[in-house]
Amino acid sequence: MEKEYVIAIDIGGTNLKADLVDREGNISDFSYTPSHASEGREALLTSLKKIISLQMECGKKIVGIAAGSPGTVNNATGVIDYMQAHIPNWTGTRLGEFLSIEAGVPSQIDNDANVIALGEYWKGGGQGAKCLLALALGTGLGSGLVVEGKVMHGPFFNAVEVGHTIVCTDGTNVPCSCGNFGCAESFISPGKMISRAHHSMQVGLPSVLGGYPKLTISQIQDRYKNNDVPEFTVKDMVDHYNDDFLCKRLIDDSMKYLALLIYNLSKCYDPDVITLGGGMFKSADFFMPLLYGQLARYYVSPDLPVKYKIKISELGDLAGIYGAAKLAWDHVDALRAKNA
Ligand SMILES: [Zn+2]
């Protein structure tokens with residue numbers, strides 16, 4: 001029998017990634033193209049069309065397609081129920097139908113973080129877990145829960161959006177991507193740590209990130225007024241953790257709220273595995289001792305039971321591809337079982 005493949009797509013704010021994936025999870029025929037998501041629905045659909053046709057050109061037998069997308073994704077209808085302004089007009093897009101028409105095979109879609117969780121369950125640190133909690137720390141804070149092999153969605157496809165649980169009712173002036181204040185994402189995600197650093201320097205906190213002590217506080221503020229915005233990464237914050245007050249505070253806040261979140265979620269869902277993904281944990285040797293130190297505040301036993309559940313993602317950027325492939329294969333199998 002001719003070997004079968006599914007198309008697995010990861011829709012990102014900047015890039016689109018797609019691969020063919022066989023039933024065993026072997027990845028081939030990698031395609032990569034700018035998503036043009038910030039230009040809106042039509043531009044993103046054009047990019048999707050392009051990447052699907054690139055995958056189809058391989059001439060292999062394709063039997064399914066699936067994609068992970070940002071936003072509230074209705075896994076039952078294949079429609080994007082809600083997306084904030086980052087992808088203009090993405091709300092209401094009949095993405096599942098679009099994928100099916102373009103590829104000529106059955107499709108599935110889900111929220112990108114749910115898809116990452118499914119990828120971790122299938123091929124990553126969550127293999128064999130009864131209850132897997134996956135946290136993805138990037139521009140935002142994505143999360144997904146896989147229980148007995150199934151993604152928990154909730155009736156409105158908003159379940160386990162832990163990045164938007166409010167963990168602080170004051171103390172931040174930087175809004176979350178959802179528009180609210182005090183969400184876990186606002187403190188924990190690398191993207192928001194950078195936003196908070198900019199905000200702090202604009203209101204007069206000195207930091208090496210803006211050029212202090214070579215520049216005075218007012219000279220750093222002038223940089224922002226003159227659109228000479230300082231550029232830095234979370235790695236720069238790590239490098240100055242011991243000699244810069246702002247870097248230390250932002251990192252400590254991030255680990256403090258991540259520990260709080262992990263503790264509370266452990267009490268809610270009792271996961272046997274928690275995966276931490278995103279570029280931030282490439283510096284795991286630096287962050288994990290800080291995280292365990294914060295977690296120790298909540299556990300009365302000197303041993304940290306949660307310590308043995310936490311795994312740094314080894315799939316990296318491929319978690320979303322593996323997850324989309326699993327989503328597609330599960331759908332293919334369900335349709336075949338129904339038609340048998
Ligand atoms: Zn939020």
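The legends below describe close-up views of a predicted model.

**Figure 1. The two domains of the protein chain.**
The chain is divided into domain 1, made of residues 4–121 and 317–339, and domain 2, made of residues 127–313. Between the C-alpha centres of domain 1 and domain 2 the distance is 27 Å. Domain 1 gives 16 residues to the contact, and domain 2 gives 23 residues.

**Figure 2. The interface of domain 1 and domain 2.**
The size of an interface is often given as the accessible area lost when the parts come together. Here domain 1 and domain 2 bury about 1500 Å² between them, and carbon and sulfur atoms give 58% of this area. On the side of domain 1, the residues that lose the most area to domain 2 are N114, E120 and Y121. Together these three make up 39% of what that side buries. Zero salt bridges are found across the interface of domain 1 and domain 2. Polar contacts between domain 1 and domain 2 are present, with a count of three residue pairs, both residues at pLDDT 80 or more.

**Figure 3. The side of domain 1 that touches domain 2.**
Three elements each give two or more residues to this side: strand β5 (72–74), strand β7 (107–111) and helix α3 (112–123). Helix α3 supplies the largest share, seven residues. Sorted by class, this side of domain 1 holds seven nonpolar residues, seven polar residues and two charged residues.

**Figure 4. Surroundings of S69 in strand β4.**
Strand β4 covers residues 61–69, and S69 is found in this strand. S69 counts as buried because its relative accessibility is 0%. Neighbours within four places in sequence are left aside in the contacts of S69 named here. They include I11, I80, W90 and L95. S69 is also in contact with D110, N111 and D112.

**Figure 5. Surroundings of L304 in the loop between α9 and β12.**
The loop that holds L304 lies between helix α9 (284–295) and strand β12 (310–312). With a relative accessible area of 8%, L304 is buried. Leaving aside neighbours within four places in sequence, L304 is in contact with Y292, L295, A296 and Y299. L304 and G293 are separated by 11 residues in sequence, and their C-alpha atoms are 9.8 Å apart in space.

**Figure 6. The salt bridge between E4 and R336.**
The structure holds 17 salt bridges, and one of them joins the side chains of E4 and R336, with an N to O distance of 2.9 Å. E4 lies in strand β1 (residues 4–11) and R336 lies in helix α10 (residues 319–339), so this pair ties together parts that are 332 residues apart in sequence. E4 is buried, at a relative accessible area of 11%. R336 is partly exposed, at a relative accessible area of 37%.

**Figure 7. The salt bridge between D239 and K235 in helix α7.**
The closest N and O atoms of D239 and K235 are 2.9 Å apart, and the two residues form a salt bridge. Both residues lie in helix α7 (residues 234–239), where four residues, about one turn of the helix, separate them. D239 is partly exposed, with a relative accessible area of 45%. K235 is also partly exposed, with a relative accessible area of 45%.

**Figure 8. The salt bridge between D270 and K309.**
The side chains of D270 and K309 meet at 4.0 Å, N to O. This pair links distant parts of the chain, 39 residues apart. D270 is in the loop between helix α8 (245–269) and strand β11 (273–277), and K309 is in the loop between α9 and β12. D270 counts as exposed because its relative accessibility is 56%. Elsewhere, salt bridges that share partners join E4, K61 and R336 into one network.

**Figure 9. Surroundings of D252 in helix α8.**
D252 is found in helix α8. Its relative accessible area is 19%, and a residue counts as buried under 20%, so D252 is buried. Not counting residues up to four places away in sequence, D252 touches Y241 and Q294. The side chains of D252 and Y241 are joined by a polar contact of 2.5 Å.

How values were computed: Residues are numbered from 1 along each chain as its sequence is written. This is a predicted model: local features need pLDDT of at least 70, side-chain atom pairs count only at pLDDT 80 or more; totals for chains, interfaces and linings use all residues. Side-chain values use heavy atoms; hydrogens and water are left out. Domain bounds come from an automatic or database domain assignment. Contact means heavy atoms within 4.5 Å. Buried area is the accessible area (1.4 Å probe) that two parts lose on being put together, summed over both. A polar contact is a pair of N or O atoms within 3.5 Å; within protein, one must be able to donate a hydrogen and the other to accept it, and residues adjacent in sequence count only if both atoms are side-chain atoms. Ala, Val, Leu, Ile, Met, Phe, Trp, Tyr, Cys and Pro count as nonpolar, Asp, Glu, Lys and Arg as charged, and the others, Gly among them, as polar. Buried means under 20% relative accessible area, exposed over 50%, partly exposed in between (1.4 Å probe, protein chains only).
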